[in-house]
Every structure is written in C-alpha cells, then in structure tokens.
Amino acid sequence: MAKKNTPSFSLPRFFGAVVFSLCFFLPKSVLGVKQELRFRKNGEFKILQVADMHYGDGKTTSCLDLFPNQMPTCSDLNTTAFVERMIRAENPDFIVFTALTSMLLSQSELMKVLLALWETGDNIFGFDATDAAKSLSAAFQPAIASNIPWAAVLGNHDQESTLSREGVMKHIVGLTNTLSQVNPAEAHIIDGFGNYNLEIGGIKGSQFENKSALNLYFLDSGDYSTVPAIPGYGWIKPSQQLWFQRTSAKLRRAYMRQPEAQKGPAPGLVYFHIPLPEFASFDSSNFTGVRQEGISSASVNSGFFTTMVEAGDVKAVFIGHDHLNDFCGELTGIQLCYAGGFGYHAYGKAGWSRRARVVVASLEKTEQGGWGAVKSIKTWKRLDDEHLTAVDGQVIWSKRHAGHPCGACHQEQVGPAKWKLSSLHVGILVPFAFLHVFWQRIETN
C-alpha cells in the first residue's frame with residue numbers, strides 16, 4: 001500500500017503565511033503605514049476641526065461654565081461623546097485637533113501661570129491631567145477608533161502636565177491613525193514641535209492623481225514668551241516661517257509644472273492654536289460668527305500673516321485658544337477663522353453650546369467630465385445640542401472669485417434669505433429715489 005504524502009510543517013512557511021494574512025486583511029494604519037490623503041470620488045475632502053478639548057482625567061474631571069443642573073452629570077466623557085457624534089454626523093476624511101489637554105501644576109508653577117494670565121487677559125487654567133500620556137490617548141480615542149486619519153498641533157497648556165512639549169508630540173506621533181509629525185525631517189533647526197505639512201492628492205484616475213490639489217500646513221504657535229522683556233503668549237518664530245516659505249514654494253513649483261501644469265498654486269489651509277494679532281482687525285460688520293471675548297494673541301507681531309500673504313497659496317487659517325470666539329473674517333485675501341470652544345473642561349459660557357468647525361474643499365468638473373482643481377472651500381459649525389445644529393455656513397474661497405479682494409464674499413443662507421444693501425447699491429439707488437420724487441412733484445404741478 002502506497003504511503004500518503006502529508007504536508008510537512010515548515011516554521012518559515014507558517015510565519016510567511018501569517019505575515020501575508022496580516023498584510024492582506026489588516027488596515028494600513030495598524031501596520032504602521034501612513035494613510036494616503038485623497039479627495040473622495042464625489043470630488044470632496046472634508047476636515048473636522050476640534051479645538052481646545054482640555055481633556056483631563058476622564059469621568060472624574062468636572063466641567064466648566066454650564067447651568068447648575070447640568071454640572072453633576074458632566075465630565076470629560078461629554079467631550080468624548082461630542083467627538084463621536086461629530087464623526088458619525090459628518091463622516092470626515094480627516095480630523096484636526098488644535099490644542100488638547102489640561103495641565104498639572106505645582107503650587108509655585110500655578111502662581112507663575114496665574115501671573116502670566118493676569119498680564120495677558122486670559123481667564124482659563126486647569127490642573128487635572130495627572131498622566132499626560134494616558135490623557136492624550138483617551139482624548140484621541142474616538143479618532144483612533146473611527147480609523148479616520150487625524151493630526152494635531154500643540155496648544156499653550158499641553159506641556160504643563162507630566163510630559164514636555166516634545167514629549168507630548170512624540171507620544172501623539174506614536175498613536176494609531178495619526179499623520180502628525182514631531183518636525184519636518186528637512187528642517188535641521190526649527191523652533192517648536194509639530195511643524196509639518198500634508199498633501200491632499202487628487203482623485204485616483206484623474207489628471208490630478210499625482211498632484212497635491214490641497215495643501216495643509218501645521219505649526220506650533222508656542223505657549224508663553226521666553227523673552228523676559230516680552231510678556232504674554234508665544235508666537236510663530238522666524239525659523240518656522242522660513243520652513244513654511246520653502247515648503248510653500250516647493251509645493252507651488254510641483255503644482256505648476258508638467259504634467260498638467262497649473263497657472264497658480266494649489267490652495268493651502270493653515271492650522272495652529274494661538275491667534276495672530278491680525279485676528280483683532282474685525283468688527284461685527286465684517287465677519288461671520290461671534291466675538292465674545294478679546295483676541296489673546298502674542299504681545300508682539302512676528303509677521304507670519306505677511307509671510308502667508310506673500311506666499312500666495314494660503315486661503316484660510318484655523319485656530320482655537322479663545323473659546324468664546326467662533327468667527328471667520330477675511331483680511332487681504334485670507335480668511336481668519338476661530339473654531340469655537342469644544343471641550344467641556346475648558347472655559348465656556350452657560351447656554352452657549354460647545355461647537356466644532358467643518359471645512360469642505362470641492363473639486364471642479366472638467367470639460368471632459370473628469371475632476372480638476374479645487375473650485376471652492378466651504379465651512380460651517382455644528383453645535384453640541386440635540387440636533388447637532390449647523391450654523392454659519394459660508395463659502396470662504398472660490399476659484400471663480402480668486403481675483404476678487406475677498407476671494408469669495410459669499411455666505412450661504414442659514415434660514416430665510418435676506419437682502420443686504422452695499423454702499424455701492426445705496427450710492428446708485430438714493431439719487432434715483434430723489435429723481436423719482438422730483439419728477440412726481442413736477443407732474444403734480
């Protein structure tokens with residue numbers, strides 16, 4: 001009787017099969033492979049901005065600035081639930097966190113911060129994140145669980161727990177699904193931690209498949225001034241601005257050369273935490289949203305706004321820091337936008353809902369029916385109320401109006417349409433009204 005051949009066990013073959021199975025079935029993020037950012041097949045790319053979570057120790061961390069009947073059941077878990085609701089409602093392609101945790105301070109450190117806050121007019125401090133690494137992981141858990149790529153920039157409180165600013169950023173970079181970077185590899189000397197850029201590719205199979213159709217810049221705006229003669233908050237330093245200039249120029253050259261050479265740069269969006277002094281340039285007549293507190297910028301102007309204007313690709317800047325401001329205003333062709341306070345352990349205002357900002361970039365259709373360059377960028381906010389109410393929808397940039405001083409000048413209607421008369425309209429209509437009255441009097445006489 002012939003002996004049957006039985007498959008022999010081979011340890012290398014076994015491990016080879018396991019590795020193959022893991023590579024085939026597990027998502028790239030689990031394997032440590034950075035996810036590729038691209039526009040969706042419908043021509044859109046959606047970004048969710050979460051500003052000022054101020055996450056502490058989870059369910060043991062109390063909330064701030066709510067009505068008395070809301071306080072007993074509120075904790076960091078309300079912040080987590082809000083992130084989860086936003087992810088389900090908007091299904092974003094990318095999530096950006098602009099400032100993260102609260103701080104743990106000794107009594108002497110606390111007194112120093114109180115003095116700094118007194119000088120700059122800020123009115124928030126926290127000291128409930130007893131383990132920074134644990135707090136960071138918990139804060140980002142909804143993004144990690146969603147398997148959606150995400151990134152983060154540091155706020156002014158993130159280093160004041162048990163990790164340094166560098167330590168916080170290194171911990172973030174090690175988390176699942178993040179595209180955050182400690183700093184760019186090509187920048188050997190640069191201030192801060194968390195300066196980097198990401199490129200959003202065109203749709204697979206389109207003429208922009210191998211081009212970055214949308215560019216995202218992330219910068220560390222610092223914490224507090226390290227110059228004794230300059231009080232208050234930190235600012236974006238010359239080394240960071242030099243990196244930004246070089247990166248913007250490199251992206252412009254790549255976008256404007258063959259194949260599919262473009263006439264101008266791809267639009268860019270910039271994310272950091274502390275507002276620039278230029279955010280104080282607006283009043284209620286020229287922004288969309290609300291301004292309910294002062295602009296807590298650095299006490300010196302480092303010139304970064306001018307640097308962005310000169311670069312020519314930046315269409316909007318998105319920040320946090322001042323939780324009761326959520327407006328967007330246009331200055332010299334760039335929209336300056338607050339997100340509004342998100343976290344429940346951060347200061348807020350009773351009766352004024354925590355909120356998040358959503359940004360959507362849309363591609364244009366080509367004459368051949370394919371997808372081309374970015375045609376418009378829209379934004380709105382959602383409130384953490386029963387219906388996740390969307391407010392203040394507006395187009396903040398449009399390719400069609402790219403030569404116009406304000407880039408888009410279009411606010412989407414939220415509710416019934418209303419007429420607004422500009423000074424030009426008034427200048428035309430008022431003389432006609434006088435003429436009408438004048439001719440009526442002549443006819444009656």
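Trainee: Which residue just after helix 7 takes a positive phi?

Mentor: In this predicted model, the residue is Gly-312, which follows helix 7 directly and has a phi of about 85 degrees. As a general idea, most residues other than glycine have a negative phi, and most peptide bonds are trans.

Trainee: Which residues have a positive phi although they are not glycines?

Mentor: Two cases can be read here, and they are His-54, with a phi of about 50 degrees, and Asn-147, with a phi of about 65 degrees. His-54 belongs to the loop that runs between strand 1 (44-51) and helix 2, while Asn-147 sits in the loop between helix 4 and strand 3 (150-153).

Trainee: Is His-54 buried or exposed, and how does Asn-147 count?

Mentor: His-54 has a relative accessibility of 6% and therefore counts as buried, whereas Asn-147, at 34%, counts as partly exposed.

Trainee: You also mentioned peptide bonds; which residues does a cis peptide bond join?

Mentor: The cis bond is between Gln-258 and Pro-259, where omega is about -5 degrees. Pro-259 is placed in the loop that links helix 6 and strand 6.

Trainee: Let me turn to helix packing. At what angle do helix 2 and helix 4 pack, and how far apart are their axes?

Mentor: The general idea is that two packed helices are described by the angle between their axes and the distance between the axes. For helix 2 (residues 76-90) and helix 4 (residues 132-146), the angle is about 25 degrees and the axes are 8 Å apart. Because angles under 35 degrees count as roughly parallel, helix 2 is roughly parallel to helix 4. The crossing of this pair is right-handed.

Trainee: Which residues make that contact, and how many of them are nonpolar, polar or charged?

Mentor: Helix 2 contributes Thr-80, Val-83, Glu-84 and Ile-87, and helix 4 contributes Pro-142, Ala-143 and Ser-146. Sorted by class, the contact of helix 2 with helix 4 holds four nonpolar residues, two polar ones and one charged one.

Trainee: How would the same reading go for helix 6 and helix 7, starting with where their axes come and how they cross?

Mentor: The axes of helix 6 and helix 7 come within 10 Å and cross at roughly 10 degrees, which makes helix 6 roughly parallel to helix 7. The crossing of helix 6 past helix 7 is right-handed. On the side of helix 6 the contact is made by Gln-241, Phe-244, Gln-245, Ser-248 and Arg-252, and on the side of helix 7 by Phe-304, Thr-307, Met-308, Glu-310 and Ala-311. By class, this contact of helix 6 with helix 7 has four nonpolar, four polar and two charged residues.

Trainee: Which residues of helix 7 are buried, and why can they be said to line one face of the helix?

Mentor: In helix 7 (residues 304-311), the buried residues are Phe-304, Phe-305, Thr-307, Met-308 and Ala-311. Looking down the axis of helix 7, one finds these buried residues within an arc of 160 degrees, so they line one face of the helix. They pack against helix 6 (238-255) and also against strand 6 (268-271), strand 8 (314-319), strand 9 (328-331) and strand 10 (334-338).

Trainee: Now for single residues: where does Asp-93 lie, and which residues does it touch?

Mentor: Asp-93 lies in the loop between helix 2 and strand 2 (94-98), and with a relative accessible area of 17% Asp-93 is buried, since the cut-off for buried is under 20%. Leaving aside residues up to four places away in sequence, Asp-93 touches Leu-37, Arg-40, Glu-44, Phe-45, Lys-46, Ile-148 and Pro-149. Asp-93 and Arg-40 are 53 residues apart along the chain, yet their C-alpha atoms are separated by 8.3 Å.

Trainee: What is the relative accessible area of Val-374, and which strand holds Val-374?

Mentor: Val-374 is in strand 12 (residues 371-383) and is buried, with a relative accessible area of 2%. Beyond residues up to four places away in sequence, the residues that Val-374 touches include Phe-39, Ala-213, Pro-267 and Trp-397. Ser-362, twelve residues from Val-374 in sequence, is 5.6 Å away, C-alpha to C-alpha.

Trainee: Stepping back, how many helices and strands are there in the protein?

Mentor: The protein has eight helices and 14 strands, and 50% of its 445 residues count as buried. Among contacts with a separation of 6 or more, 68% are between residues 24 or more positions apart.

Conventions:
Residues are numbered from 1 along each chain as its sequence is written. This is a predicted model: local features need pLDDT of at least 70, side-chain atom pairs count only at pLDDT 80 or more; totals for chains, interfaces and linings use all residues. Side-chain values use heavy atoms; hydrogens and water are left out. Axes are lines fitted to C-alpha atoms, for helices over the stretch in contact, and angles run from 0 to 180 degrees between N-to-C directions. Helices (H or I, at least four residues) and strands (E, at least two) are DSSP runs, numbered from the N terminus. Angles under 35 degrees count as roughly parallel, over 145 as roughly antiparallel, 65 to 115 as roughly perpendicular and the rest as oblique. A crossing is left-handed if the near helix is turned anticlockwise from the far one by less than a right angle, and right-handed if clockwise. Contact means heavy atoms within 4.5 Å. Ala, Val, Leu, Ile, Met, Phe, Trp, Tyr, Cys and Pro count as nonpolar, Asp, Glu, Lys and Arg as charged, and the others, Gly among them, as polar. Buried means under 20% relative accessible area, exposed over 50%, partly exposed in between (1.4 Å probe, protein chains only). The arc is that of the directions from the helix axis to the C-beta atoms.
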